[in-house]
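The report below walks through the strands, the aromatic residues and the cysteines of one chain. Please keep the sequence and the structure at hand while reading.

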Amino acid sequence: MSTPSHQPGCFMCGLEENDDASVVFRDPLWSGESVPGYDVPGWFVLRARRHAERITGLDDEELASFGRRARDLVAAVTEVTGAPATYLLVFGENHPHFHALITARDAHVPEDRRSGDILKLRTEYADAEAAARLVPGVRRAYERLAANEARAVGA
């Protein structure tokens with residue numbers, strides 16, 4: 001297992017202090033949560049809990065579990081929001097700590113704000129209260145989906 005490490009001044013590392021009300025899940029390696037500044041309803045961040053830059057900075061255990069965590073969080077967000085599309089975006093340019101931005105794209109989002117242009121909604125659709133209201137439902141859906149996976153693997 002990776003040794004927890006945090007880098008001073010790293011925005012993503014600072015999320016370890018995030019209010020529990022914004023957290024969908026935390027395990028020893030990953031955290032899924034609503035993030036200040038990216039608080040568009042249906043947007044969540046899946047981030048490595050230790051400071052790892054880029055996907056190449058992840059260790060074998062983090063790499064092995066990333067896909068399952070991403071799949072379950074995307075499924076939970078899609079289920080709760082009913083979005084016809086949910087994106088999993090990885091850039092790491094502004095915040096080099098490895099993380100993925102999960103963005104539910106509602107049917108009312110105009111064509112010129114879809115695909116990569118969805119990031120323009122960060123300021124246009126920001127609504128911290130509406131984003132926070134989604135967290136409990138996404139948490140319940142994630143817990144159910146992850147438990148189903150654990151049962152299937154254990155079977």
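Arg26 has Ser31 of strand β2 as its bridge partner, and in this predicted model the two strands β1 and β2 pair in the antiparallel sense over three bridges. The connection between them is a hairpin, which joins β1 to β2 through three residues.

**The sheet**

These two strands belong to an open sheet of five strands, arranged in the order β1-β2-β3-β5-β4 with antiparallel pairing. Its edges are formed by β1, residues 23-26, and by β4, each of which pairs on one side only. From one strand to the next the twist averages 15°.

Further into the sheet, β2 is joined by four bridges to strand β3, which covers residues 43-48, and the two run antiparallel. Within this pairing, Trp30 stands opposite Ala48 in β3.

Toward the other edge, β4 and β5 pair in the antiparallel sense over five bridges, and Thr86 has Ala104 of β5 as its bridge partner. In a regular strand the side chains alternate between the two faces of the sheet. Along β4 this alternation can be followed residue by residue: Ala85, Tyr87 and Leu89 point to one face and are buried, whereas Thr86 and Leu88 point to the other face and are not buried.

**The aromatic residues**

Searching the whole structure gives four aromatic pairs, and two that share Trp30 are set out in the table.

| Pair | Centre to centre | Angle between planes | Arrangement |
|---|---|---|---|
| Trp30 and Phe66 | 5.3 Å | 45° | tilted |
| Trp30 and Phe98 | 6.1 Å | 75° | edge-to-face |

The pair of Trp30 and Phe66 counts as tilted because its planes stand at 45°, an angle that is neither under 30 degrees nor over 60. Trp30 lies in strand β2, residues 30-33, and Phe66 in helix α2, residues 60-81, so this pair ties together parts of the chain that are 36 residues apart in sequence. The pair of Trp30 and Phe98 also links distant parts of the chain, since Phe98 belongs to the loop between β4 (85-89) and β5 (99-105), 68 residues apart from Trp30.

Taken together, Trp30, Phe66 and Phe98 form one aromatic cluster. Are its members buried or exposed? Both Trp30 and Phe66 are buried, with a relative accessible area of 0% for Trp30, and Phe98 is buried as well, with a relative accessible area of 3%.

Leaving aside its neighbours within four places in sequence, Phe98 is in contact with Trp30 and Phe66, and also with Arg47, Ala48, Ala52, Glu53, Arg54, Ile55, Leu58 and Val90. Ala48, which stands opposite Trp30 across the β2 and β3 pairing, is thus a contact of Phe98 too. By contrast, the C-alpha atoms of Phe98 and Ala64 are 15 Å apart in space, with their positions 34 residues apart in sequence.

A further arrangement concerns a charge and a ring: the charged end of Arg122 sits over the ring of Tyr38, at 3.9 Å from its centre.

**Arg54, a contact of Phe98**

Arg54, one of the residues in contact with Phe98, lies in the loop between β3 and α2. Most residues other than glycine have a negative phi, and most peptide bonds are trans. Arg54, however, has a positive phi of about 60° although it is not a glycine. At 56% relative accessibility, Arg54 counts as exposed, whereas Phe98 is buried.

**The cysteines**

How many disulfides does the count come to? The count is zero, and the distance between Cys10 and Cys13 shows why this holds for Cys10: its sulfur is 3.6 Å from the closest cysteine sulfur, in Cys13, which is too far for a bond, given that the two atoms would have to lie within 2.5 Å. Cys13 is likewise in no disulfide, with the sulfur of Cys10 as its nearest cysteine sulfur at 3.6 Å. Both residues are buried, Cys10 with a relative accessible area of 14% and Cys13 with a relative accessible area of 5%.

How values were computed: Residues numbered from 1 in each chain as written. Predicted model: local features only at pLDDT ≥ 70, side-chain atom pairs only at ≥ 80, totals over all residues. Heavy atoms only, no water. Phe/Tyr/Trp six-rings, centres within 6.5 Å; stacked < 30°, edge-to-face > 60°. Buried < 20%, exposed > 50% of the residue type's maximum accessible area, 1.4 Å probe, protein only. Lys NZ or Arg CZ within 6 Å of the ring centre and 35° of its normal. Contact = heavy atoms within 4.5 Å. Pairing = 2+ DSSP bridges. Axes fitted to C-alpha atoms, helices over the stretch in contact; angles between N-to-C directions.
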